[in-house]
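Thank you for making time this morning. I would like to walk you through one structure, going from a sheet to the cores and then to the cysteines.

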Amino acid sequence: MINIALPKGRLGERVYRILEQVGYPCPSVLEDNRKLIFENPEAGVRYFWVKPSDVASYVERAAADVGIAGKDVLLEYQPEVYELADLGIGKCRMCAAGRRGFRDRRDQTLRVATKFPKIAKGYYSAQSRDIDIIKLHGSIELAPLVGLSDVIVDLVETGKTLQENDLEVIETIVPISARLIANKVSYKFKYQEITALCSQVDELCRQR
């Protein structure tokens with residue numbers, strides 16, 4: 001069997017529909033219940049529902065052979081996995097943003113609020129910018145509004161939340177989308193199964 005870690009939520013449901021179309025159905029996945037593991041021996045597949053930020057950990061540590069993780073998770077945590085395909089779904093951007101009209105004073109340490117400290121550090125290090133990282137877990141947009149930070153580094157999909165809070169994108173750091181990833185050992189020992197799944201998924205996503 002191929003063990004697949006699906007991210008909980010709408011993205012995971014979209015990914016499952018893709019996998020279903022290319023020959024890995026398991027109808028119970030979409031049933032209204034609290035189960036976390038679903039399998040279809042005839043299709044040779046077992047699915048797990050996993051918190052999106054945890055998918056890479058399940059794959060890296062071989063609890064799952066493959067999984068679907070956002071590029072933001074891969075950049076932030078840098079797990080030891082193979083990135084096999086860009087599914088072209090779940091698209092958004094990792095951006096630096098601040099209050100409308102914000103001007104960076106480079107003679108002062110820049111206070112950066114973010115859920116993604118590694119990405120933020122890498123971005124500003126490339127500019128030789130002195131920063132103070134403020135790690136947050138909730139609504140990042142609040143930080144510059146109440147003076148906790150000067151800017152934020154966060155995911156932006158439509159930009160509506162920024163606009164409604166008088167914030168604007170300063171720069172796009174990197175485009176983000178869902179990626180198909182594989183455990184390195186599984187990729188070796190289940191090479192045919194994983195590459196077949198990958199090629200079918202990649203082909204279907206390119207047609208969309």
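**A helix, a sheet, two cores**

Let me begin with helix H4, residues 117-125, which lies across E6, strand E7 (110-114), E8, E9 and E10, and which runs at about 165° to E8. Please keep in mind throughout that this is a predicted model.

The strands that H4 lies across belong to an open sheet of 5 strands with mixed pairing, in the order E8-E7-E9-E6-E10. At the edges stand strand E8, residues 131-135, and strand E10, residues 167-176, and because each has a single partner strand, one side of each is left without a neighbour in the sheet. On average, and ignoring direction, neighbouring strands of this sheet are turned by 25° against each other. Within the sheet, strand E6 (residues 92-99) and strand E9 (residues 151-156) pair in the antiparallel sense over 6 bridges, and Met-94 stands opposite Leu-155 in E9.

Turning now to the interior, the largest nonpolar core has 30 residues, of which Ile-4, Leu-6, Leu-19, Tyr-47 and Leu-87 touch the most other members. Several elements each supply at least two residues of this core, among them strand E1 (2-7), helix H1 (10-21), strand E3 (45-50) and helix H8 (191-207), and the largest share, 6 residues, comes from H8. If you pick out Ile-4 on the screen and leave aside its neighbours within four places in sequence, you will find it in contact with Leu-19, Val-45, Arg-46, Tyr-47, Phe-48, Val-66, Ile-68 and Leu-197. There is also a second, separate core of 14 residues, which includes Ala-96, Ala-120, Tyr-123 and Val-151.

That leaves the cysteines, and a question I expect from this group: how many disulfides does the structure hold? The count is 0. For Cys-95, the closest cysteine sulfur is that of Cys-92, and because the two sulfurs are 8.6 Å apart, they are too far from each other for a bond; the cut-off used here is a sulfur pair within 2.5 Å. Cys-95 counts as buried, with a relative accessibility of 1%. Cys-205 is likewise in no disulfide, the nearest cysteine sulfur, that of Cys-198, being 9.7 Å away.

And is Cys-205 buried or exposed? With a relative accessible area of 12%, Cys-205 is buried, since the limit for that label is under 20%.

Terms used
Residues are numbered from 1 along each chain as its sequence is written. This is a predicted model: local features need pLDDT of at least 70, side-chain atom pairs count only at pLDDT 80 or more; totals for chains, interfaces and linings use all residues. Side-chain values use heavy atoms; hydrogens and water are left out. Buried means under 20% relative accessible area, exposed over 50%, partly exposed in between (1.4 Å probe, protein chains only). Two strands pair if DSSP finds at least two bridges between them. Helices (H or I, at least four residues) and strands (E, at least two) are DSSP runs, numbered from the N terminus. Axes are lines fitted to C-alpha atoms, for helices over the stretch in contact, and angles run from 0 to 180 degrees between N-to-C directions. Contact means heavy atoms within 4.5 Å. A nonpolar core is a set of buried Ala, Val, Leu, Ile, Met, Phe, Trp, Tyr and Cys residues joined through side-chain atoms within 4.5 Å.
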